[in-house]
Amino acid sequence: MKPPTGLRAPGRRLWVSVAEKYVLTAGELEMLGQACRTCDELDRLERAVRGLAELTVQGSMGQPKPHPLLAEVRAHRLLLERLTTALALPDEDQEVGLRPGQRHARAAARGRWRDRPAEPNGKLAELRAAEWGRDGEAS
């Protein structure tokens, strides 16, 4: 699959790294194209920031404030993360990728159960104790 026209080197690298490895739907290809264009824009913004003499500018009252390009870089990084996450590409050990909500739910479940002791549910333990009696024999 050829990359969209007009992509620069960073966007083309992203396109090739994804399009050659995965089979994408038309919607996913469009999302990948948007991510590639965002990647190109981010590269241009980062180069512009590196070329700045100062990272601050003078505010309306003469106070120093962050250069506006810094906010644009941050916004483009967030957008690129959202676009690539929305592609729901599978990890190396997966056949199908997870949607962002599924990834969040899986991470939350792992965190919730990781720190729990391996003790049985209190009610379940109570029922088992009643069924087996205190000496370990079935009643």
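At 13% relative accessibility, H76 counts as buried, because the cut-off for that label is a relative accessible area under 20%. That makes H76 a good place to begin a tour of this structure, which is a predicted model.

**Around H76**

H76 belongs to helix α3. Setting aside its neighbours within four places in sequence, H76 is in contact with T38, E41, L42 and L45.

**The chain as a whole**

With that spot in mind, let us step back to the full chain. Its secondary structure comes to five helices and two strands. Following the sequence from start to end, you meet these elements in the pattern α-α-β-β-α-α-α. The chain has 139 residues, and 22% of them count as buried. It exposes about 10,700 Å², and carbon and sulfur atoms supply 54% of that area.

Contacts add another view of the chain. Among those with a separation of 6 or more, 45% are between residues 24 or more positions apart.

**How helices α1 and α2 pack**

Two packed helices are described by the angle between their axes and the distance between the axes. Here, helix α1 (residues 9-19) and α2 pack at an angle of about 150°, and their axes are 7 Å apart. That angle makes α1 roughly antiparallel to α2, since the label applies to angles over 145 degrees. The crossing in which α1 passes α2 is right-handed.

Which residues make the contact between α1 and α2? From α1 come A9, P10, G11, L14, W15, V18 and A19. From α2 come L29, L32, G33, A35, C36, C39, D40 and D43.

R13 also lies in helix α1. R13 is exposed, with a relative accessible area of 55%. In sequence, R13 and C39 are 26 residues apart, while in space their C-alpha atoms are 9.6 Å apart.

**Three salt bridges**

How many salt bridges does the structure hold? There are three, and the table sets them out with the distance from N to O.

| Side chains | Distance, N to O |
|---|---|
| E30 and R37 | 3.8 Å |
| R47 and D43 | 3.2 Å |
| E46 and R77 | 2.9 Å |

Let us take them one by one. In the bridge between E30 and R37, E30 is partly exposed, with a relative accessible area of 46%. R37 counts as partly exposed too, at 31% relative accessibility.

The partners R47 and D43 both lie in helix α2 (residues 26-50). They are four residues apart, which is about one turn of the helix. R47 is partly exposed at a relative accessible area of 41%, and D43 counts as partly exposed at 23%. D43 has a second role in this picture, as it is one of the α2 residues in the contact with α1.

The bridge between E46 and R77 links distant parts of the chain: E46 is in helix α2, R77 is in helix α3 (residues 68-86), and the two are 31 residues apart. R77 is partly exposed, with a relative accessible area of 47%.

**Back to the start**

This brings us back to helix α3, where H76 is found. Is H76 buried or exposed? H76 counts as buried, at 13% relative accessibility, whereas R77 is partly exposed at 47%.

How values were computed:
Residues numbered from 1 in each chain as written. Predicted model: local features only at pLDDT ≥ 70, side-chain atom pairs only at ≥ 80, totals over all residues. Heavy atoms only, no water. Buried < 20%, exposed > 50% of the residue type's maximum accessible area, 1.4 Å probe, protein only. Contact = heavy atoms within 4.5 Å. Areas by Shrake-Rupley, 256 points an atom, 1.4 Å probe, with all protein chains shown as cover. Salt bridge = Lys/Arg side-chain N within 4 Å of Asp/Glu carboxyl O. Axes fitted to C-alpha atoms, helices over the stretch in contact; angles between N-to-C directions. Parallel < 35°, antiparallel > 145°, perpendicular 65-115°, else oblique. Left-handed = near helix turned anticlockwise from the far one by under 90°.
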